[in-house]
Amino acid sequence: MRASVVTGIVATLMNVAMGCHHASRTSSAAIEPDSLAGIVSVTGTAFEQHLILRSGDRVTSLSAATSDSAALSRLGGVEVVVIGRRTPNLFQVERFTAVNVAGSPVVDGFVRNDGGRLVLETTNGPIPLGNPPTALRGMIGARIWIGGPLDTGPNNYGVIVPAK
């Protein structure tokens, strides 16, 4: 009888203990990248530049790999979307896309030569450039933003990463 009482108590305590155990939760924010949109601003001196993203009245410091940092510094005044991870003091950029220049939409991609015709290779596929600026012919491989009607021109553009 004493054994059955002890068994009953142990079984009850185990059920209580199991009921108190909660599976660990993982936040999707910890797994999924974060994103921000805003205007890139470069502050500081030539020796110590800081990249920030201005969005409305919010200012966020950006941290990026050296190559991305150099590319972002060429985008001062350009609206971008940055993907990465938010930390308490800054936003760590993993990748970015230029989206607007002076309030007008732009397309971000790499200049490619497709059988003598220039195309812009974007993350959504190639976009033929109907009447591209002449200077783009010497920029095969460069990452640029380009605005204006892509099929007819005229186009404005800016270099994000020069051709190698």
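In the predicted model, P154 is found in the loop between β9 and β10 (156–161). The peptide bond that leads from G153 into P154 is cis, with omega near -10 degrees. A second backbone feature concerns A102, which is found in the loop between β5 (91–101) and β6. Although A102 is not a glycine, its phi is positive, at about 55 degrees. Most residues other than glycine have a negative phi, and most peptide bonds are trans. The relative accessible area of A102 is 77%, and this residue therefore counts as exposed, the cut-off being over 50%.

The protein chain averages a pLDDT of 84, and 80% of the residues score at least 70. Over residues 1–29, however, the pLDDT is below 50, and beyond near neighbours in sequence this stretch has 1 contact in the model. Where pLDDT is low, the predicted coordinates should not be read in detail.

The protein chain has 3 helices and 10 strands. From the N terminus on, the order of these elements is α-α-β-β-β-α-β-β-β-β-β-β-β. Of the 164 residues in the protein chain, 29% are buried. The accessible surface of the protein chain comes to about 10,500 Å², and carbon and sulfur atoms account for 56% of this area. Among contacts between residues at least 6 apart in sequence, 40% join residues at least 24 apart.

Strand β4 pairs with both β1 and β5. With β1, the pairing is antiparallel and extends over 6 bridges; one of the bridge pairs is S35 with I83, the latter in β4. With β5, strand β4 also runs antiparallel, and 9 bridges join the two. Here E79 has N100 in β5 as its bridge partner. The connection from β4 to β5 is a hairpin through 4 residues.

The count of salt bridges comes to 3. Side chains of opposite charge can pair when their charged atoms come close. One salt bridge is formed by R86 and D34, whose closest N and O atoms are 3.1 Å apart. R86 belongs to strand β4 (residues 78–86) and D34 to strand β1 (residues 34–44); the pair links distant parts of the chain, 52 residues apart. This salt bridge thus joins β4 and β1, the two strands that pair in the antiparallel sense. Both partners retain some accessibility: R86 is partly exposed at 44% relative accessibility, and D34 is partly exposed with a relative accessible area of 28%.

Another salt bridge brings together the side chains of R85 and E94, with an N to O distance of 3.7 Å. R85 counts as partly exposed, at 30% relative accessibility. E94 is likewise partly exposed, with a relative accessibility of 40%.

The side chains of D108 and R143 also meet in a salt bridge, at 2.7 Å from N to O. D108 lies in strand β6 (residues 104–114) and R143 in strand β9 (residues 143–147), so the pair ties together parts of the chain that are 35 residues apart in sequence. Both D108 and R143 are buried. In this respect the pair contrasts with R86, which is partly exposed, and with E94, which is partly exposed too.

A further arginine, R58, lies in strand β3 (residues 58–63). R58 has a relative accessible area of 41% and is partly exposed. Leaving aside neighbours within four places in sequence, R58 is in contact with L36 and L53. R58 and G38 are 20 residues apart in sequence, with a C-alpha to C-alpha separation of 9.2 Å in space.

Definitions and conventions:
Residues are numbered from 1 along each chain as its sequence is written. Side-chain values use heavy atoms; hydrogens and water are left out. pLDDT is the predictor's confidence in each residue, from 0 to 100. Contact means heavy atoms within 4.5 Å. A salt bridge is a side-chain nitrogen of Lys or Arg within 4 Å of a carboxyl oxygen of Asp or Glu. Buried means under 20% relative accessible area, exposed over 50%, partly exposed in between (1.4 Å probe, protein chains only). Accessible areas come from the Shrake-Rupley method with a 1.4 Å probe; for residues, only the protein chains shown count as cover. Two strands pair if DSSP finds at least two bridges between them.
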